[in-house]
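Trainee: I would like to learn how to read a protein model. Could we go through it feature by feature?

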Amino acid sequence: MALQMSLNVEEHMDWKGQKANPRKHGGAKAASITCVVEVLENLVFLSNATNFVAYFIKSMHYPTAEAANMVTNFLGTSFLLTIFGGFICDSFFTRFKTFIIFCAIELLGLILLTFQALYHPLQPEINRRPSLYQAAILYTGLYAIAIGVGGVKASLPAHGADQLDRGNQRSLSAFFNWFFFSLCTGGLIASTVMIWIEENRGWNWSFLISIVALSIALCIFAIGFPIYRYKHPKGSAITRIFKVRVQLLHDCRFLDKALLDDTISAADVEETKTFLGLLPIFASTIMMNCCLAQLHTFSVQQGSIMNRKLKDFQIPTQSMTVFPLIIMLASITLYEHYLNTLKKKVSTAYYIFHPLKRIGLGLALASGAMVVAAMVEAKRQKAAERNEATISVFWLGWQYLLLGVSDMLTLGGMLEFFYSQAPDNMRSICTALSWCSTSMGYFLSSVLVSVTNFITGKFGHQWLGGHDLNHTHLDFFYTILSVLNFLNFLNFIYWARRY
């Protein structure tokens with residue numbers, strides 16, 4: 001499918017509602033503010049998400065499998081709600097207002113969880129599950145954060161990209177690369193400083209620091225309002241799409257028949273064609289995110305029972321993400337430098353690293369990562385069966401590395417691809433498809449864990465049941481994920497060639 005461009009003409013306004021002045025509003029300076037904010041926002045999100053499994057098990061006393069599913073459900077809901085946040089951006093509020101509203105909601109959720117962590121009567125007694133009242137507070141705070149994250153992640157990257165000229169594809173590509181760099185920087189701080197604070201100073205300090213960091217992010221973003229340029233919404237694009245009478249979803253040419261309806265314009269039909277064309281690409285990335293979900297659940301549990309000593313230092317399992325994050329940060333810098341150098345020699349340098357090619361490479365790496373993960377888990381279990389010394393946690397580094405690079409290529413490619421291909425009035429929703437894919441992947445992970453336990457339980461022993469990983473078949477589960485992701489990769493190639 002050829003690149004689709006919206007028939008609508010872009011119009012940007014300043015904060016006073018007047019036509020934006022290119023010399024005063026927008027540009028790289030305004031876009032860079034969103035990158036700074038993303039460092040703090042992702043620091044808060046990942047520092048909590050990475051450690052929720054341990055918090056739910058140790059402080060709230062949930063079983064291991066249930067705690068893992070609680071985390072994947074929380075992450076899945078957070079990313080799924082980006083579609084709702086994107087709908088709000090495109091239909092009712094500017095992306096600036098959407099960020100302010102949803103960031104405030106996330107902040108309120110953090111305050112509620114912090115209060116529960118500080119006030120011990122709101123926590124269950126040792127070896128007892130939370131009461132209905134305690135669980136209600138936990139879930140209210142948890143999903144207030146999820147709602148806030150959904151709106152923030154839908155509005156922030158689209159708002160940043162709006163500050164740049166959409167016709168300059170190289171400029172947009174650079175922005176999304178540096179936006180992802182900021183995302184990884186926040187993750188790096190979360191995996192080092194915040195992990196150390198949580199393990200040495202406790203949950204209370206972690207939650208308090210998260211509140212301060214998110215408050216600073218909100219202030220920094222708000223201070224930039226005089227130099228931003230704004231795109232005012234023009235009503236619901238989703239409503240317009242539903243008005244278009246789709247005759248045959250697999251052949252978008254039939255959508256032209258919708259023009260027989262006097263209430264439907266050519267722009268509405270073109271908008272629908274473009275959006276429907278993005279959906280197969282979106283669906284093809286879900287399985288990769290299912291593999292990625294394992295880093296926040298079973299990989300953390302694996303690391304907790306492996307040898308984490310480095311001389312006299314005990315490595316926190318969650319900090320294993322440091323290695324791929326460092327490599328990703330370095331690779332983004334090298335990528336930008338190499339592309340800028342190549343651009344001087346080859347005018348078509350951008351197309352060598354087209355977003356679809358980056359996504360495809362990311363999906364392929366995810367399959368390899370799960371093969372490696374299965375081999376490492378099999379090695380760990382054999383050592384445990386023979387009562388040998390536990391193997392080093394650094395063996396998990398390979399799956400963290402491969403999945404980390406896979407995430408960089410896939411998510412970075414999706415953010416750029418969906419924004420650049422989106423109709424003018426659907427950029428937030430289409431950009432949100434990148435996060436929604438992550439959501440579907442986490443939900444799929446929960447479903448596959450439950451289905452695997454149900455089926456294998458029929459044969460006498462659940463592969464992923466119980467609290468002790470030494471008596472599970474996590475390696476078999478990883479193998480299944482590898483096969484499913486490889487089949488999904490083939491599916492992606494089919495749709496990418498047709499686009």
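Mentor: We will go from the overall fold to the cavities and then to one residue. This is a predicted model, in which local features need pLDDT of at least 70 and side-chain atom pairs count only at pLDDT 80 or more, while totals for chains, interfaces and linings use all residues. Residues are numbered from 1 along each chain as its sequence is written, and side-chain values use heavy atoms, with hydrogens and water left out.

Trainee: How many helices and strands does the protein have?

Mentor: Helices (H or I, at least four residues) and strands (E, at least two) are DSSP runs, numbered from the N terminus. Here there are 17 helices and two strands.

Trainee: What percentage of the residues is buried?

Mentor: Buried means under 20% relative accessible area, exposed over 50%, and partly exposed in between, with a 1.4 Å probe and protein chains only. Of the 499 residues in this protein, 58% are buried.

Trainee: How many cavities of 30 Å³ or more does the structure hold?

Mentor: A cavity is a set of points, on a 1 Å grid over the protein atoms alone, where a 1.4 Å probe fits but cannot get out; lining residues have an atom within 4 Å of a point. Grid points are joined across faces, edges and corners, and the volume is the space filled by probe spheres set on the points. This structure holds seven cavities of 30 Å³ or more, and the largest has about 460 Å³ of space. Its lining has 29 residues, and Leu 46, Leu 183, Leu 292, His 296 and Asp 407 are the closest to its centre.

Trainee: Which helix supplies the largest share of that lining?

Mentor: Helix H6 does, with six residues. Several helices each supply at least two residues, among them H1 (28–58), H6 (169–200) and H16 (427–457).

Trainee: How do the residues of the lining divide by type?

Mentor: Ala, Val, Leu, Ile, Met, Phe, Trp, Tyr, Cys and Pro count as nonpolar, Asp, Glu, Lys and Arg as charged, and the others, Gly among them, as polar. The lining of the largest cavity has 17 nonpolar, ten polar and two charged residues. For the second largest cavity, of about 60 Å³, the lining has two nonpolar, two polar and four charged residues. Arg 95, Lys 231 and Asp 424 are among the residues that line the second largest cavity.

Trainee: Why does Ser 367 count as buried?

Mentor: Ser 367 counts as buried because its relative accessibility is 8%. Ser 367 is in helix H14 (residues 355–385). Contact means heavy atoms within 4.5 Å. Not counting residues up to four places away in sequence, Ser 367 touches Ser 482, Asn 485 and Phe 486.

Key:
1 Å grid on protein atoms, 1.4 Å probe; cavity = no way out; pocket = protein on both sides within 12 Å on 5 of 7 lines; lining within 4 Å.
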